[in-house]
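This report introduces a protein structure to a reader who has not met it before. It considers one loop residue, then a group of helices, and then the sheets.

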Amino acid sequence: MKASYKREMRHNYLILEAMEENLDSFELKMLAGNSIEGLLKFRMKQEEQARFYYYEITSKQPLSRLLEFREVHREELASLISGIASTLSWVENYLLQESNILLEPEYIYIDPENFRVWLCYVPGYHGDFPASMAKLLHFLLKKADHQDNETVVLAYRLYQESQKDYFGIEDLLSAVRESQKKEETEQAELTEEIPNAAQEEVFSRVEALSDGEEREEKEKRENSAVLKQQVICWLAVLFISPAVLWMLRGMEGLRQYGLWVAAAEVVAGAGGIFLWPKLHPLFLNQRKNADPEKENWYMTIEKEETEERDANDKSKESAMEEGEKEPYRENYPEGFGADTVLLAEADEGGKGVHLLKSLDLSVEDIPVPYFPFIIGKQEGITDYVLSRETVSRLHLRIDEENKEYKVTDLNSSNGTKVGERILEANETCPLHSGDRLTIADLSFIFY
């Protein structure tokens with residue numbers, strides 16, 4: 001089925017050639033007269049000798065595009081199946097046929113923010129819905145996040161259900177509900193474990209506090225013992241010095257030198273009391289530094305951290321050698337602004353960092369370090385977040401092929417311009433170095 005795209009004012013449309021010849025058909029009247037939950041808004045338009053179906057796709061993205069460069073996760077799988085099931089129930093309520101729904105990934109439209117689903121209903125088209133659903137689930141199985149066990153299990157379970165004879169949407173919903181129920185059970189078990197973990201943390205803090213109080217009490221006892229020893233020594237010297245003087249010089253010596261000895265003892269005692277608070281911390285630090293257990297612990301931790309940093313550095317180097325693309329980082333390292341060197345590399349080899357040079361001083365330049373490169377305001381699914389009201393969630397994509405560059409508008413509301421040419425929705429246009437690229441109301445020069 002051949003599709004085209006068109007922008008009218010701030011609305012984007014998917015256009016399919018009309019397949020229903022009867023203008024008074026029940027399906028045409030039902031779609032044109034009602035806004036059906038889960039179906040793209042529909043209108044028919046006569047253009048010269050042909051009739052076309054117009055489907056509004058403003059701010060929506062095809063499933064094929066969303067999963068072109070990333071994997072699908074369990075929550076998104078569940079949301080997709082639930083959305084299709086909900087739409088089928090509305091289709092049945094309006095007496096429409098599920099066989100008229102296109103289930104190809106390029107015709108399933110998604111809201112990138114919450115993964116809400118819109119389907120394309122084509123009057124006059126009669127497909128095999130179960131076979132199309134099985135094909136879609138096979139596509140999703142290949143796109144499943146294989147690093148997440150729950151995602152793989154759900155994707156494979158859905159695909160298995162689609163291989164059974166006479167399977168229905170209820171069978172797929174049952175698989176989704178079981179997966180959600182299992183997740184809720186695991187969350188409940190985790191919640192029960194949290195108080196125990198919190199209690200252990202409190203106990204560890206209390207234990208650490210007790211250890212600290214114990215060390216403080218121990219230091220006080222040590223200080224008291226040393227002070228007692230100092231007082232005893234001073235008293236001993238106070239009595240021993242006169243005795244020694246009497247033994248050597250007799251009473252004459254005591255009368256002649258006794259006052260001097262007493263004065264020296266008082267000065268020594270006062271000096272000891274004055275200097276002790278300053279000397280005692282140095283004494284304790286010396287003892288701590290001499291503790292071999294603590295010294296070895298510090299060296300072990302330092303060695304582990306050094307080894308971990310070295311391992312990380314080596315992994316980064318090996319990734320760069322293998323040509324692995326580093327995801328865009330908003331804050332580039334120092335030296336990135338050396339535009340002349342980087343742009344020269346880009347022009348010569350086609351492998352350097354390219355740049356969208358802003359023509360507005362209030363807007364930063366946008367580095368383009370790899371391709372494809374998506375710009376929009378939706379975090380998580382774009383390579384560069386351009387936070388402006390006029391910019392769509394997924395606004396445009398820049399690609400490189402054989403050293404030639406091109407830009408594609410991604411159903412943006414306010415459009416994309418190359419030079420003075422406004423691109424249609426989903427239109428691709430060549431992009432050359434020095435071209436002016438306008439994203440909504442923001443202008444850049446591509447280098």
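A residue is called exposed when its relative accessible area is over 50%, and buried when that area is under 20%. The structure discussed here is a predicted model.

**A loop residue**

By the cut-off just given, Tyr166 counts as exposed, because its relative accessibility is 84%. Tyr166 lies in the loop that runs between helix H5 (149-162) and helix H6 (169-289). Pro130 is 36 residues away from Tyr166 along the chain, yet the C-alpha atoms of the two residues are separated by 8.3 Å.

**Helix H4 and its neighbours**

Pro130 falls within the residue range of helix H4, which covers residues 129-143. The helix has 15 residues, and from its first C-alpha to its last it reaches 21 Å, close to the 21 Å expected at 1.5 Å a residue. Several residues of H4 are buried, among them Phe129, Met133, Leu136, Leu137 and Leu140. Ser132, Ala134 and Leu141 in H4 are likewise buried.

Two packed helices are described by the angle between their axes and the distance between the axes. The table gives these values for two pairs that include H4.

| Helix pair | Angle between axes | Distance between axes | Crossing |
|---|---|---|---|
| H3 and H4 | about 165 degrees | 12 Å | right-handed |
| H4 and H5 | about 155 degrees | 9 Å | left-handed |

An angle over 145 degrees counts as roughly antiparallel. H3 and H4 are therefore roughly antiparallel to each other, and H4 and H5 are therefore roughly antiparallel as well.

Where H3 and H4 meet, Leu77, Leu80, Ile81, Ile84 and Leu88 in H3 are in contact with Phe129, Met133, Leu136, Leu137 and Leu140 in H4. Towards H5, H4 contributes Ala134, Leu137, His138 and Leu141, which meet Ala155, Tyr156, Leu158, Tyr159 and Ser162. Leu137 thus appears in the contacts with H3 and in the contacts with H5.

**A sheet of three strands**

Strands of a sheet pair through backbone hydrogen bonds, either parallel or antiparallel. An open sheet of three strands has the order S5-S7-S8, with antiparallel pairing. Its edge strands are S5 (61-62) and S8 (117-118), each of which pairs on one side only. Two bridges join S5 to strand S7 (residues 109-110) in the antiparallel sense, and Pro62 stands opposite Tyr109 in S7.

**A sheet of six strands**

Another open sheet has six antiparallel strands in the order S11-S10-S20-S19-S16-S17. Strand S11 (366-368) and strand S17 (421-422) stand at its edges with a single partner strand each, so one side of each has no neighbour in the sheet.

Within this sheet, strand S10 (residues 354-358) runs antiparallel to strand S20 (residues 442-446), and three bridges join them. Leu356 has Phe446 in S20 as its bridge partner. S20 also pairs with S19, in the antiparallel sense and over four bridges; here the bridge partner of Thr438 is Ser443 in S20. S19 and S20 form a hairpin with two residues between them. In the turn of this hairpin, Ala440 has a positive phi of about 60 degrees.

Strand S19 (residues 436-439) pairs in turn with strand S16 (residues 416-418), again in the antiparallel sense, over three bridges. In this pairing, Val418 stands opposite Leu437 in S19.

Key: Residues numbered from 1 in each chain as written. Predicted model: local features only at pLDDT ≥ 70, side-chain atom pairs only at ≥ 80, totals over all residues. Heavy atoms only, no water. Buried < 20%, exposed > 50% of the residue type's maximum accessible area, 1.4 Å probe, protein only. Pairing = 2+ DSSP bridges. Expected span 1.5 Å × (residues − 1). Axes fitted to C-alpha atoms, helices over the stretch in contact; angles between N-to-C directions. Parallel < 35°, antiparallel > 145°, perpendicular 65-115°, else oblique. Left-handed = near helix turned anticlockwise from the far one by under 90°. Contact = heavy atoms within 4.5 Å.
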